[in-house]
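Here are some quick notes on how the helices and the sheet sit together. Have the structure open while you go through them.

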Amino acid sequence: MTTRNETLFERARQRIPAGVNSPVRAFRAVGGTPPFFERASGPHLWDADGKRYIDYVGSWGPMVLGHTHPQVVEAVQAAAARALSFGAPTESEIELAEAICRLMPSVEMVRLVSSGTEATMSAIRLARGHTGRNLIVKFEGCYHGHADSLLVKAGSGALTFGNPSSAGVPPEIAALTLVLDFNNIDQIEKTFAARGPEIACVIVEPVAGNMNLVLPAPGFLDSLRENCSRHGAVLILDEVMTGFRVALGGAQARYGIKPDLTTLGKVIGGGLPVGAFGGKREIMEKIAPLGPVYQAGTLSGNPVAVAAGLATLKLLDTPGFQEKISGVADALIQGLKNEAQKAGVVFSAQSVGSMFGLYFRAVPPTSFAEVMQCDKDRFNKFFHTMLERGVYLAPSAYEAGFVSATHGTTEIDATLAAAREAFKA
Ligand SMILES: *Cc1c(COP(=O)(O)O)cnc(C)c1O
């Protein structure tokens, strides 16, 4: 019998490439038919066949409060009733900017955009405009959205120029991006020693969440801060995923690193399209129309999207919120480790704040190369058994997972019961 999900997937593929508007949604890594979702509430999703799932994707990060939080929905409805868009300044944009600056003191000024990609792309242009330099440094396995300069992978050997990781990115553009190994401090020192005066910026996910979950090794982020300061390069922490997730003040608060610029997205839109980049006043004043670095957006600071973001940040900023949600993530990964051990499966897991990583590997990876050593086939089997049993994990072994403030003991117990079966699969 054909399910409604299958019918929709077939229909979607007629008019939308692979049937999806962002590649990972097509389930290519794990195979099978992606559920088409119809509604969500708290920790739950319902698909087109009426099946309920416990959600550990959270729209890839934004849904930290859980789905359809009544106060967020109310704020969005009220804003929508007033106006959908002005393309002109509003008071709520100031409030969101003030909230971001208060929660992240390294951000002295901030500009709102509509996606994480726009935020990183603009921050890089700003860093180049500010320093008058062209080279940028990124790390293998970190994802910063799909701008040309950032779709670059390591060339052969350290300190060589990057190669495009997508067709359509000119090699001349990729050549301006140096790609280093996450957590390799020695390589950072050597790169700055060799190319320091040419480097405009270093961009990094302070906790890597786009190659599963990899924590920064002790000294790694400090070494970036120190080298950028010594060589006059701009340090950009890409907190699109980690912002308001790994701590109220982001990874920069958790690890005590003060970046020059920060990029944000996901949680600051509460599920609607908002991104932001901000940082040192001296650098932010180089943005048009104050300065020579051009950047703009028709829907930037959209009042409905900003209302969702503001309501979300307000609810996050309550005593005990981060501790509670971190506790949930911790209980989940401890439980999963127990089940794996009982089943005799080689498995490890870790969490930071409300983000977690699951690895079919004896210990959590510390580099991109180690992430690649995880047993992908074992993950795919685990994924499908969990999905069948109503647990929605990211459909790839290379994505971080997320819990929300609405996940509790009931959801964890149900997840562990499913995992008991899935580890046997
Ligand atoms: C999701 C993500 C982006 C891109 O954000 P979009 O809103 O998808 O464009 C950039 N950086 C990081 C760290 C992300 O996780």
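1. Start with the sheet, keeping in mind that this is a predicted model. It is open and has 4 strands, ordered β1-β2-β3-β15, with mixed pairing. At the edges sit β1 (37-41) and β15 (391-392), each of them pairing on one side only.

2. Have a look at how β15 joins in. Strand β3 (residues 52-55) runs parallel to β15, and 2 bridges connect the two. I54 has V391 of β15 as its bridge partner.

3. There is a helix over this part of the sheet, too. Helix α14 (residues 409-424) lies across β2 (44-47), β3 and β15, and runs at about 105° to β3.

4. Now for a helix pair: α6 (residues 185-195) packs with α7 (residues 220-231) at an angle of about 10°, the axes being 10 Å apart. Angles under 35 degrees count as roughly parallel, so α6 and α7 are roughly parallel to each other. On the α6 side the contact uses I185, I188, E189 and F192, which meet F220, S223, L224, E226, N227, C228, R230 and H231 in α7. By type, the residues of this contact are 6 nonpolar, 3 polar and 3 charged.

5. The other pair is α3 (residues 91-103) with α10 (residues 303-316): their axes come within 10 Å and cross at roughly 35°. That crossing is left-handed. From α3, S92, E93, E95, L96, A99, I100 and L103 meet V306, G309, L310 and L313 of α10. The contact of α3 with α10 splits into 7 nonpolar, 2 polar and 2 charged residues.

Notes:
Residues numbered from 1 in each chain as written. Predicted model: local features only at pLDDT ≥ 70, side-chain atom pairs only at ≥ 80, totals over all residues. Heavy atoms only, no water. Axes fitted to C-alpha atoms, helices over the stretch in contact; angles between N-to-C directions. Left-handed = near helix turned anticlockwise from the far one by under 90°. Contact = heavy atoms within 4.5 Å. Nonpolar A, V, L, I, M, F, W, Y, C, P; charged D, E, K, R; others polar. Pairing = 2+ DSSP bridges. Parallel < 35°, antiparallel > 145°, perpendicular 65-115°, else oblique.
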